[in-house]
Amino acid sequence: MNGNPSTPLRLGTRRSKLAMAQSGLVAEEVRRVTGRPVELVEITTYGDVSREHLAQIGGTGVFVSALRDALLAGEIDFAVHSLKDLPTAQPEDLALAAVPLREDPRDALVARDGMTFEDLPDGARIGTGSPRRMAQLNAWARTLGKEIETVPIRGNIDTRLGFVEKGELDAVVLAAAGLNRIGRADRVTQFLEPDTVLPAPGQGALAIECVADNAPLVAALAQLDDPHTRAAVTAERSLLAALEAGCSAPVGALADLLGDGQSVTEMRLRGVVGSTDGTTLVQLSTTGPVPASEDDALALGRELAAEMLDKGAAGLMGERAL
């Protein structure tokens, strides 16, 4: 880590309230482990200014590339991303130095009148910009004998919550982690269990990235890494990559660590791919030993992806970016 110990480390972050909250949490930890002051550098990304739906602009990398450009230009020392926004291929000149302990990976429903998903009336309008959520919510509604209308929405968390407050939508579905991090967890009317709705690969996890050739900074940031979180999200993202899907594709994945309460013994990886209308879902899981290396975690994801492709997943990937 170069420079004077009193010189602040520059942390690149998106400008949204959520990104600033996430980056603030990481900044505190980096100050703790390095003894260096940390200053936030706000950077606007294409995903922040585009008003198109994420599935149309490709999703992959739209919130990330401006931060990566700033890293490579030396304008910032490290960046904090929502890990689910990262493209699955890691650039050689950048290091994924740390994946801290994961927040709640689940999706959360915020509905009018305190309703759960089961309470929502037939024809309820539910806001989400995610083809993954649309597929699983429509399939769930069908099992309950009703239909819902999924409405594509964009905007920050408060904007999305506002659609419900103003009565424009019956409910919205958001990541529980984001609501927790900006103090909006009290708005949740139901946490959606992964048995019903699998989250996006890497949801709830953060990624701390810096240039690969700054070995002292890579080593310092690595102190914030949580090995179990990293193994889980590596398996999830390997599944996504093997399906050749971008982060706007209708793919859900979650790796759970299973144990006896004393020690973690196994990892279960679940994956789902679905048509956005929910009529077709390919949903499979696999369980194996806790990955002892990155290669083991990558292999777990690839194996499950191969099984899903055998079951017809490829035909459901219509939203993938070419």
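Start by selecting residues 264-274, which make up strand β12: 9 bridges join this strand to β13, and the two run antiparallel. Keep in mind as you look around that this is a predicted model.

For one contact point between the two strands, pick Val-273 on β12. Its bridge partner in β13 is Val-282.

Now widen the selection to the whole sheet. You should see 3 strands in the order β11-β12-β13, forming an open sheet with antiparallel pairing. At the edges sit β11, residues 251-259, and β13, residues 281-289, each of which pairs on one side only. How far are neighbouring strands turned against each other on average? The angle is 15°, with direction ignored. As a general note, strands of a sheet pair through backbone hydrogen bonds, in either a parallel or an antiparallel way.

Next, add residues 227-242. This is helix α9, which packs on the sheet and touches β11 and β12. Compare its direction with that of β11 and you will find about 145° between them.

Stay with α9 and turn to the second largest pocket, which holds about 390 Å³ of space. Its lining has 19 residues, and the closest to the centre are Leu-96, Arg-230, Thr-234, Glu-294 and Leu-298, so select those five.

Which elements give two or more residues to this lining? They are α9 and α10, the latter spanning 294-310. Helix α9 gives the most, with 8 residues.

To finish, colour the lining by residue type: you will find 11 nonpolar, 5 polar and 3 charged residues around the second largest pocket.

How values were computed
Residues numbered from 1 in each chain as written. Predicted model: local features only at pLDDT ≥ 70, side-chain atom pairs only at ≥ 80, totals over all residues. Heavy atoms only, no water. Pairing = 2+ DSSP bridges. Helix = DSSP H or I, 4+ residues; strand = E, 2+ residues; numbered from the N terminus. Axes fitted to C-alpha atoms, helices over the stretch in contact; angles between N-to-C directions. Contact = heavy atoms within 4.5 Å. 1 Å grid on protein atoms, 1.4 Å probe; cavity = no way out; pocket = protein on both sides within 12 Å on 5 of 7 lines; lining within 4 Å. Points joined across faces, edges and corners; volume = space filled by probe spheres on them. Nonpolar A, V, L, I, M, F, W, Y, C, P; charged D, E, K, R; others polar.
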